[in-house]
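I opened a new page for this model and kept the entries to two topics. Both were looked up in the coordinates.

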Amino acid sequence: MFKNKNPDGTLNLCGKNVARLRMAMRPKVSQNKLAGQLQLAGLDLEKNAVQRIESGERFVTDIELKKLAQVLDVSTDELLR
């Protein structure tokens, strides 16, 4: 049976980049603050979902990827590198 996981066991390609970009934001942005910004952009995610995305424990849909890129002010390609 196939498993939709990366070789390192994570469930998404963008989590590490989301964490890196969030931590590089000035002023500093917490996972809770990022979740709030995503909610303002129309994506209903809570802090726990952001944490699970960053740690690779949660899949990311294409809609979520687009909103993450918008809020982090990068391209979707940047998130997937």
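**A buried asparagine and a one-sided helix**

I looked first at the side chain of asparagine 17, which reaches the backbone oxygen of arginine 81 at 2.6 Å. I note that this is a predicted model.

I then checked for another such partner and found the backbone oxygen of leucine 79, which lies 2.9 Å from a polar atom of the asparagine 17 side chain.

I located asparagine 17 in helix 1, residues 15–24. I asked whether asparagine 17 is buried or exposed. Its relative accessible area is 11%, and the cut-off for buried is under 20%, so I entered asparagine 17 as buried.

I listed what asparagine 17 touches, leaving aside its neighbours within four places in sequence. The contacts are Glu78, Leu79, Leu80 and Arg81.

I moved on to helix 4, which spans residues 62–72. Which of its residues are buried? I found Glu64, Leu65, Leu68, Ala69, Val71 and Leu72. These cover an arc of only 165° around the axis, so they sit on the same side of helix 4. I recalled the general background: an α-helix has 3.6 residues a turn, so residues three or four places apart point the same way.

I turned to the other side of helix 4, where Asp62, Ile63 and Lys66 are exposed.

I looked up what the buried residues of helix 4 pack against, and the partners are helix 1, helix 2 (31–40) and helix 5 (76–80). Helix 1 is also where I had placed asparagine 17.

Last, I checked what follows helix 4: aspartate 73, with a positive phi near 60°.

Notes: Residues are numbered from 1 along each chain as its sequence is written. This is a predicted model: local features need pLDDT of at least 70, side-chain atom pairs count only at pLDDT 80 or more; totals for chains, interfaces and linings use all residues. Side-chain values use heavy atoms; hydrogens and water are left out. Helices (H or I, at least four residues) and strands (E, at least two) are DSSP runs, numbered from the N terminus. Buried means under 20% relative accessible area, exposed over 50%, partly exposed in between (1.4 Å probe, protein chains only). A polar contact is a pair of N or O atoms within 3.5 Å; within protein, one must be able to donate a hydrogen and the other to accept it, and residues adjacent in sequence count only if both atoms are side-chain atoms. Contact means heavy atoms within 4.5 Å. The arc is that of the directions from the helix axis to the C-beta atoms.
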